[in-house]
Amino acid sequence: MDTAPQRSIARVTEIGRVATRHGFGYLLDRRRAADQPDAERGRRLREMLDELGPTFVKFGQVLSTRPDLVPPDMIVELRKLQDDVSPFPIEDVERVVHSELGLTIEQAFVDFDERPIAAASIGQVHRATLPNDAEVVVKVQRPTAPRRIESDLKLMASAARVVRDRVRQLDFIDAGELVDEFGRSIRLELDYQQEARNAETFRRNFAGDERIAVPRVWWRYTTSRLLTLDRLEGVHIRDLDFEGWSSEERRDLAYTMTDAWMTMIFRHAFFHGDPHPSNILHLDDGRLGLVDFGLTGRLTDTDMARLTRLFVDAATENVAGLPRRLADLGVRYPREREDELRGRLEELYYRYYGMRLSDIDPIEAIREGLDLIYSMNLRLPTRFVILDKAIATLGSVAVEVYPEFNVFEVARPYAKGLVAERLSPRRVALRTRRELQELGEIALAMPRQVHDVLNELRDGEFSMKITNPGVDDLAHRIDVSVNRIAVALVILGGLVGSSLIGVLAEDGPQVLGLHLVSVVGFVLSGAFGLWLLWGVVKSGRL
């Protein structure tokens, strides 16, 4: 009978075989880790993830969005990863529908196309018609997706520890953190109700906009494993044949797409994180239709305020204050590199110096700032990584649609409006009131906190906790080293003692011309020595 441990062992064995076949066998041998060439590492990594299946493909896609952690040669290869999976049978679809709705497909839908129009690693999409004659698409989750993903996430966590310990060439990646981030992301994707809430937010934000269509969610037919949306009739941007389009029509399409995303970013502060040509439709009535709302980004009011302060510092030539503004946004950098960062920022700043604000392309400015951060291997909050991915994808799609695309024309009102709106008297007054309230709360709480500290000092119970993530690991390594030294001293004492007994003892039983006690001492010392040597070799630190 198949059990979970047996499946895990089989999966680990499969991963080991695939890794070896694609040139990553040295992951299993610490002694070879330092000698591996890396010229083809991106291609080999992509092929390995592709062969390992949907969860690993999605992990590679996440890696491809992290230029702050992954070098360019690997990014280029990982961006080639695409979901390419076979659809699951209609019998499984029927079981999921019945489990989630308590109805059969025939009871829930007037019509349900058995052939999916799209299939991915987590689910697939079918056309259907509701009893009220509404035409919809139904996204059905694979029955095995949650179990398979959780199993693969556990294996990825183990693999991340191996990478951290054995692969010096990947020291620039915090593999454990990446796996944790991926786990959070893919678990959100497993919850179709979260995607439905995202769709509702976009629909509400674009209500009244005649250029953009966002499908309605049919909540009666939506659960955590089932998502039902209005069907948008149109052609994916990736499938459009532009041969018959005029230059003006192509220009309008590119500008409408860009304006939609700039509206999301700069006005709604909630944006679609993947403006891929497969996720944008050109509808029969000329509007743009948005689909696939699993990946989104949100900028808080604080984020926007801090971005504005960054722009104000740049506008007032306060270049020295820019590193601190970036730190306020969550960009992490070593203090010893602050001078280098300031120098690079000055170089970027004076590229725009003297330009009118209305002539600055905010998207290009953000892209150049993010590229600077990536080139210095600085850490960036996830929400800004999603923003960068959205901007980069949007730019490439717009240029494909209209090669003469000029983002300046779309950017001008947003560049002016962002600063003007954030520095308006009403906004300043609201922020001042909020900050005064926070300072008041701190002032009211301070006497009580001081009283508590003084009481603890009086009673001798005051304590401070200092946490250093590397101390525990260092203490463990020191403990192991001390234990090995102790064992080595015992072995040395045994060998010396046995030698002395063998030389000085004249009476008693003899074995091979040596005193029996001496022979026993040599055997025990040899056994301990072999055990110690095996431990050192196994650790890979010989």
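This report describes two loop aspartates, a pair of strands and one helix residue in a predicted model.

**Two aspartates with positive phi**

Most residues other than glycine have a negative phi. Asp133 departs from this sign, with phi near 75 degrees, and Asp292 also has a positive value, near 60 degrees. Asp133 lies in the loop that runs between β3 (123–129) and β4 (135–141). The loop holding Asp292 is the one between β10 (288–290) and β11 (296–298). Asp133 counts as exposed because its relative accessibility is 59%, which is over the 50% cut-off. Asp292 counts as partly exposed, because its value is 36%.

| Residue | Phi | Relative accessibility |
|---|---|---|
| Asp133 | near 75 degrees | 59% |
| Asp292 | near 60 degrees | 36% |

**Strands β4 and β6**

Strand β4 pairs with β6 in the antiparallel sense, over 5 bridges. Within this pairing, Val136 stands opposite Asp230 of β6. Strand β6 covers residues 226–230 and is mostly covered, with 5 of its 5 residues buried.

**Glu195 in helix α9**

Helix α9 spans residues 192–205 and includes Glu195. Glu195 is buried because its relative accessible area is 7%, under the 20% cut-off. Leaving aside residues up to four places away in sequence, Glu195 touches Lys139, Leu227, Asp292, Phe293 and Gly294. One of these contacts, Asp292, is the loop residue with positive phi described above. Glu195 and Val217 are 22 residues apart in sequence, and their C-alpha atoms are 9.8 Å apart in space.

Key:
Residues numbered from 1 in each chain as written. Predicted model: local features only at pLDDT ≥ 70, side-chain atom pairs only at ≥ 80, totals over all residues. Heavy atoms only, no water. Helix = DSSP H or I, 4+ residues; strand = E, 2+ residues; numbered from the N terminus. Buried < 20%, exposed > 50% of the residue type's maximum accessible area, 1.4 Å probe, protein only. Pairing = 2+ DSSP bridges. Contact = heavy atoms within 4.5 Å.
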